[in-house]
Amino acid sequence: MRVLAAMSGGVDSAVAAARAVDAGHDVVGVHLALSRAGGTLRTGSRGCCTIEDALDARRVADLLGIPFYVWDFSERFRDDVIEDFISEYKAGRTPNPCLRCNEKIKFAALLERAIELGFDAVCTGHYATLVDGSGGLELHRASDSAKDQSYVLGVLNADQLARTYFPLGDTPSKALVRAEAAERGITVAQKPDSHDICFIPDGDTRGWLAEKVGTETGDIVDRSGGVVGTHEGAHVFTVGQRRGLRLGVPAADGKPRFVLEVRPVSNTVVVGPKEALAIAEIAGERFSWAGAAPVASDFACEVQIRAHAEPVPARAQVTDTGVRVVPEVPLDGVAPGQSAVIYVGTRVLGQFTIDTTVSAVPVGA
């Protein structure tokens, strides 16, 4: 099988490429240049797709004896990931750029070019597994629950899964991957994992958004509409946020208040008690299935709303226009724009972007 190995410069993609070679595949390595800032540098675990990462990926390819290329996807990344991130925050939603990158770049743009060039599959270092099920190929959680990345892969469809290769999915732990890399002489064996948003390497999302979108003074109100403070731009707030509110009017009970809602049209931020973050229902119109679609339109499942959140037992209802999920226990701090991934056991059934939420605590309660 002709395999295009996406090599980020990290240890996971390095070992994945090495295992693809060991499996006898015809492997070519490729590093995706996602930024046009030529001087971009890595600082510890912050940032990715940097000059250092490209050089690290090339060294691994040389060690493995495979061809290696750098492909410039910066324009596509800017349009499909960065601009989407900005527009979602402008609309008062909280997007997941890593999930969007998988959807639009790694398993769309990259896979499309790979197919055009005659490759059979794209190999990545993601921790997830593919299983041949009764209805076709299925996406499942990785063996290592601590490193499982199936949540951010929930956007993949059946055609993409058929051309995807995850060599690390059955590995019991990340420690074993690092040990294997060291045994192979791969220099990035102990390289730190990337954290935070790759195009905001300093981690200051609020400052980055203020620079991109600008500032505009608006009100912070409580659930009854009373003004309790001001802000310099609703777009820099997200549901569940506690810090940085700088409220001028304390709560009657003296307890901390959290962001409950962002209203971009009126440039207003709504705050309230922590218990008001409990969500009894979520729904969305933009959904997709990771493989075969569910046969029933109403079924038991588990829902996960963040990459490292615990899955919650729930009931899903599917219509022609969207998905509605009612969890058995309220979800905490859900924001429109987040992705809800639906599981049945270890299988990723599909995902949807959360458009609306229903609070478990009525106003005035």
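These notes cover one helix residue, a hairpin, an open sheet and a pocket in a predicted model.

1. Residue D53. This aspartate position belongs to helix α2, which spans residues 51-64. D53 has a relative accessibility of 1% and therefore counts as buried, the cut-off for that class being under 20%. In space, the C-alpha of D53 lies 7.1 Å from that of G10, while 43 residues separate D53 and G10 in sequence.

2. Hairpin β5-β6. Strand β5 covers residues 129-133 and strand β6 covers residues 136-140; the two pair in the antiparallel sense, with five bridges between them. The connection from β5 to β6 is a hairpin of two residues. G133 has G136 of β6 as its bridge partner.

3. Four-strand sheet, order and edges. The strands of this open sheet run in the order β9-β8-β11-β10, and their pairing is mixed. The edge positions are held by β9 (227-231) and β10 (258-263); each has a single partner strand, so one side of each is left without a neighbour in the sheet. On average, neighbouring strands here are turned by 30° against each other, with direction ignored.

4. Pairing of β8 with β9. Within that sheet, strand β8 (residues 218-221) pairs with β9 in the antiparallel sense, and four bridges connect them. One contact to check on screen is D219, whose bridge partner in β9 is T230. As a reminder for viewing, side chains in a regular strand alternate between the two faces of the sheet.

5. Second largest pocket, volume and centre. This pocket holds about 480 Å³ of space. Its lining consists of 24 residues, and those closest to the centre are V239, L260, E261, V262 and T357.

6. Second largest pocket, origin of the lining. Which strand gives the largest share of the lining? That strand is β10, with four residues. Both β10 and β20 (356-359) supply at least two residues each to the lining. The strand β10 thus appears in two places in these notes: at an edge of the four-strand sheet and in the lining of the second largest pocket.

7. Second largest pocket, residue classes. The lining of this pocket comprises 14 nonpolar residues, four polar residues and six charged residues. Among the residues closest to the pocket centre are V239 and E261; valine is classed as nonpolar and glutamate as charged.

Technical notes:
Residues are numbered from 1 along each chain as its sequence is written. This is a predicted model: local features need pLDDT of at least 70, side-chain atom pairs count only at pLDDT 80 or more; totals for chains, interfaces and linings use all residues. Side-chain values use heavy atoms; hydrogens and water are left out. Buried means under 20% relative accessible area, exposed over 50%, partly exposed in between (1.4 Å probe, protein chains only). Two strands pair if DSSP finds at least two bridges between them. Axes are lines fitted to C-alpha atoms, for helices over the stretch in contact, and angles run from 0 to 180 degrees between N-to-C directions. On a 1 Å grid over the protein atoms alone, a cavity is a set of points where a 1.4 Å probe fits but cannot get out, and a pocket is an open set with protein on both sides within 12 Å along at least five of seven lines; lining residues have an atom within 4 Å of a point. Grid points are joined across faces, edges and corners, and a volume is the space filled by probe spheres set on the points.
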